[in-house]
Amino acid sequence: DEALDRKQQQGLGRGEEDPFDQLASFRKRIQTYNRVCAEIRQSESTYVESLRTVVDCFAKPFLNSVESNDSKKKGRGVVSSPAIIERRDAAMLFNNIEEILNLHESKLSQLINAPNEEIHKQFETCSSLMARVYSRYTNGYEKAIEVVRKYEANSKFHGLLEDACRKSNKSLGLMAYLTMPVQRIPRYALLFKELLKSTSEEQADQRKSIQNALRNIEEIATVINEKKRRFDNKINLCAVQAKLGRSIPRLSDGGGLLFDLHLDGRSFLFEGKTKQLKQHSHHVKNRVVVLYSDAMLWATFPAYKYKGHRLYKDMLFKRSEFAKTSSSTSVFVFEILPKNVELKKEKEDGGSSSAYQEDRIIFFEETKAARDAWVNRLLQAGVVEISQSEGLRRRQAKRRGGGQKNKRWSLRYSIFKPKKGTIILDDDDEEEEEVQVEVEDKGGCHSSRS
């Protein structure tokens with residue numbers, strides 16, 4: 001307080017830095033730097049302890065159960081029971097977790113003995129070793145998850161897990177421990193970024209050394225994150241495949257599926273519910289639409305029965321607004337169109353093409369925001385949006401003899417809605433709705449025909 005009073009009495013000029021502020025800033029950086037160093041050591045100690053728990057309480061008992069079963073098989077006249085877990089599965093489950101433990105036990109010893117000014121140097125010399133060890137673990141991480149799922153209905157397997165949890169005196173399960181190595185490297189990156197912030201510009205050599213260590217860690221983290229992204233994508237693809245079951249038809253030649261979810265390079269983007277307007281029956285259907293990196297698929301909801309798909313390279317889309325005649329509300333539409341839609345329209349007199357009508361897929365939402373959310377997802381996936389207002393004006397002018405201004409026009413659509421107490425069913429086994437819908441071309445709203 002006295003120092004602050006002196007500062008005010010002195011009345012330092014503009015741009016002149018007070019030595020008191022310099023000292024306070026220096027002390028704050030030192031405190032932050034020391035705190036981060038302590039956190040690096042503490043988190044490393046906790047991580048090593050968790051790895052020891054995995055090896056001692058989980059990996060060794062599981063592998064011992066396999067070896068015990070193998071020794072029984074060697075005895076003459078002894079009928080051994082099936083192993084709780086196969087040797088190959090046990091190896092995939094724990095992968096090189098013991099190698100990671102050995103690496104970090106050595107790392108922890110180095111961190112404890114190193115002064116704070118050199119703590120970052122412990123990550124400059126072993127980057128290639130860490131990259132090799134963690135790449136191997138992340139490469140097998142997906143298989144480890146598959147092994148857990150394979151034995152999830154095995155009561156003896158669960159018995160081993162429960163014994164391991166009791167032995168460890170921890171509330172964490174096996175999956176939590178197996179995920180720790182995947183999360184550890186990104187944690188290092190966060191700590192070293194904070195360490196770099198607490199280092200002044202005057203400490204050029206030290207900052208450069210920390211930056212090198214951070215760069216090595218981030219390179220390892222990039223590899224791990226990419227592996228995790230692929231794993232999450234595989235989980236999402238499998239989840240959709242499980243919901244669809246065998247509803248996706250096969251190719252006419254008896255080969256593969258009409259739409260292969262696990263095609264190389266195909267990734268999952270989004271899954272959500274919407275409604276579809278059937279063009280001939282004018283029924284409204286509940287649909288689930290799944291967006292992939294190269295295609296969209298739609299199915300019934302909640303049954304998840306495949307109804308169709310369209311590759312992005314073969315489709316366009318446009319948005320429209322349907323105004324209900326029975327009320328002042330509207331429904332907001334996004335139509336999926338074939339890529340040669342304009343060619344089909346120009347070939348037909350008046351723009352009404354039967355082939356075009358067959359190829360239109362009409363989805364709609366009750367709010368503009370919900371519809372525009374679908375539109376943004378399609379745009380981000382690279383699908384081209386088209387506006388047909390100009391083509392509509394040309395066709396209307398042609399029918400009226402040319403040269404006439406485009407006037408307001410409307411069409412009426414029947415969307416089936418059952419009377420009270422009745423349900424209209426079709427081959428999708430879904431409830432139907434019927435409302436009167438009027439399509440209007442009003443100020444910037446693109447209109448559509450069905």
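Confidence in this predicted model varies along the chain: helix 4, residues 97–113, has the highest mean pLDDT at 93, while strand 9, residues 410–416, has the lowest at 33. For the protein as a whole the mean pLDDT is 75, with 70% of residues at 70 or more. Two stretches deserve some care as you look around. Residues 76–80 have a pLDDT below 50, and beyond near neighbours in sequence this stretch makes four contacts in the model. Residues 342–356 also fall below 50, and that stretch has 21 contacts beyond its near neighbours in sequence. Where pLDDT is low, the predicted coordinates should not be read in detail.

Let us turn now to helix 2, which spans residues 19–74 and holds Phe26. On the surface, Phe26 joins Leu23 and Ile30 in a nonpolar patch, and together the three have about 260 Å² of accessible area. Is Phe26 itself buried, exposed or partly exposed? Its relative accessibility is 45%, so Phe26 counts as partly exposed, since that class lies between the 20% limit for buried and the 50% limit for exposed.

For a contrasting setting, follow the chain to helix 8, residues 204–244, where you will find Asn233. This residue has a relative accessible area of 14% and is therefore buried, the cut-off being under 20%. What does Asn233 touch, leaving aside residues up to four places away in sequence? Its partners are Arg266, Ser267 and Phe268. With Phe268 there is a polar detail to look for: the Asn233 side chain reaches the backbone nitrogen of Phe268 at 2.5 Å.

Definitions and conventions:
Residues numbered from 1 in each chain as written. Predicted model: local features only at pLDDT ≥ 70, side-chain atom pairs only at ≥ 80, totals over all residues. Heavy atoms only, no water. pLDDT = per-residue confidence, 0-100. Helix = DSSP H or I, 4+ residues; strand = E, 2+ residues; numbered from the N terminus. Contact = heavy atoms within 4.5 Å. Patch = residues over 30% accessible without salt bridge, like charges linked within 9 Å, V, L, I, M, F, W, Y side chains within 5 Å. Areas by Shrake-Rupley, 256 points an atom, 1.4 Å probe, with all protein chains shown as cover. Salt bridge = Lys/Arg side-chain N within 4 Å of Asp/Glu carboxyl O. Buried < 20%, exposed > 50% of the residue type's maximum accessible area, 1.4 Å probe, protein only. Polar contact = N/O pair within 3.5 Å; in protein donor to acceptor, adjacent residues only side chain to side chain.
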